[in-house]
Amino acid sequence: MTPDQPPGPAEGRGGPLVVTEDEDLLDDVLRLCAAAGATPEVAHGVARGRSPGWASAPLVIVGADCAPRLCGAGRRDGVVLVARGADDRQLWRLAVALGAERVLVLPGGESWLVDRIADAVEGVGPTAVTVGVIGGSGGAGASTLACALALTAARAGRRTVLIDADPLGGGLDVLLGGEKEEGLRWPAFAESRGRVGGDALEEALPRLHSLRVLSWDRGDAVAIPPQAMRAVMAAARRRGGAVVVDLPRRLDEAVVEALAQVDVGLLVVPTELRALAAARRVAALVRTVLPDVRVVTRAGPGPDSGRAAELAPEEAARLLGLPLAGELGWENALPGELARGAPPGANARGPLRHFGTAFWKRVLPEAVGSGTTGPGTTGPGGAGPVTAGSGAPGARAGRPEAGGRRGWLGESAAGGPGED
């Protein structure tokens, strides 16, 4: 977080217990707790085995000065023995007697301790399934699909964060009709270093349509520092559920940091030769960082539109040398819905909603909807695509995959993002 936006406390969990009478050591530990966004309980002069909160605190930080008195306390996980100055054998003997998970000598271990405190306070669980959406060419509809995927995940009751990683894309908050909603945008995170608290991030971002959105303000900033991207992505993923990232077609240091934390990439490609030529170059760049990239083909508006002859989705995927994740039919009503302020996928009977629902049903089944699984759980390597019709008069019906196989992304769906 930026210096004027300190991390807030975690929901539903207390802070660590700090047991020491060494004032200098206590000052150091309190400073590190503040950096982690945690409010500790401090115990002074505890009697043997009587340390307040010993059993209930998510983490216990024991100063070397008090460790001998606590060696008779009940064993528990999450005990760290901390000292200032040089390491010695006595510290390790005390650590064994306490059952401590680690001996830490300050100041060398400060970074580790900040992360350990934050993990304990936030709770460490399965990370979010993270999906990156990339346009294979200009106007492919990647931003629209990213918004629709995030909205369908949030409507299903999953914790969802939508991240706009394209500073030149116009802003996903605008696409969602929330550009005036209060909350932090990317420029507020430009100076982020190290760790950003997951709870603090969630509370700081605008809440739009039951999900949290990190987008851009209307200023002139056109870049994300790579260290800020790394910290924000990690914070969003630690909270579990789903994270959807709208990615640009170029590859800079910040995009590399984002791709490093993505589980699967969806490359949105209109099924015409010129778009495929552009998408091939984009795919080659993305795959240098993210091995699992899949094609989502997008059908055109129809035979009377004057567009170039389209290819079958399977043929488009073959030419790109990538697995076919699914087909998006054209959605005639989408431009009008967006103009009226409805977000992508708002129409319960529309193709985008159907596509997103099928996607998350396969990737985040209800039994593990809190973020305990990901694409790898259901085996993305041996899967076929989502097939989709448009649900609009005169639009092309979806094509089932050859051989009748259905894939890890869903049984059937419909979709069709319009132009970005």
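These legends go with a set of close-up views of one predicted model.

**View A. A patch of negative charge sits on the surface around Asp24.** Five residues make up this negative surface patch: Asp22, Glu23, Asp24, Asp27 and Asp65. Zoom in on aspartate 24 and you are in helix 1, which covers residues 23-35. Its relative accessible area comes to 46%, so aspartate 24 goes down as partly exposed, the class between 20% and 50%.

**View B. Two cysteines, with quite separate labels for cysteine 71 and cysteine 147.** Cysteine 71 has 25% relative accessibility and is partly exposed. Cysteine 147 is at 0%, and that puts this residue in the buried class. Why is cysteine 147 called buried? Buried means under 20% relative accessible area, and cysteine 147 has 0%. If you're hunting for disulfides, a search of the whole structure turns up zero.

**View C. Alanine 97 and proline 68 come into one frame.** Along the chain these two are 29 residues apart, yet the gap between their C-alpha atoms is 8.6 Å. On the alanine side, you're looking at helix 3, residues 89-98. Alanine 97 is partly exposed there, with 28% relative accessible area.

**View D. Here's a cis peptide bond, between leucine 106 and proline 107.** Omega for this bond is about 10 degrees. Where does proline 107 lie? Look in the loop that runs between strand 5 (102-106) and helix 4 (110-122).

**View E. Histidine 209 and serine 210 share a loop, between strand 8 and strand 9.** Strand 8 takes in residues 207-208 and strand 9 takes in 211-214, with histidine 209 in the loop between them. Which sign does phi have at histidine 209? Phi is positive, at about 55 degrees, although this residue is not a glycine. Serine 210 isn't a glycine either, and its phi is also positive, at about 70 degrees. As for cover, histidine 209 has a relative accessible area of 36% and is partly exposed. Serine 210 is partly exposed too, with a value of 46%.

Methods:
Residues are numbered from 1 along each chain as its sequence is written. This is a predicted model: local features need pLDDT of at least 70, side-chain atom pairs count only at pLDDT 80 or more; totals for chains, interfaces and linings use all residues. Side-chain values use heavy atoms; hydrogens and water are left out. Patches are made of residues with over 30% relative accessible area and no salt bridge: like charges are joined within 9 Å, nonpolar side chains (Val, Leu, Ile, Met, Phe, Trp, Tyr) within 5 Å. Accessible areas come from the Shrake-Rupley method with a 1.4 Å probe; for residues, only the protein chains shown count as cover. A salt bridge is a side-chain nitrogen of Lys or Arg within 4 Å of a carboxyl oxygen of Asp or Glu. Lys and Arg count as positive and Asp and Glu as negative; His and the chain ends are not counted. The place of a charge is taken as NZ of Lys, CZ of Arg, CG of Asp or CD of Glu. Helices (H or I, at least four residues) and strands (E, at least two) are DSSP runs, numbered from the N terminus. Buried means under 20% relative accessible area, exposed over 50%, partly exposed in between (1.4 Å probe, protein chains only). A disulfide is a pair of cysteine sulfur atoms within 2.5 Å.
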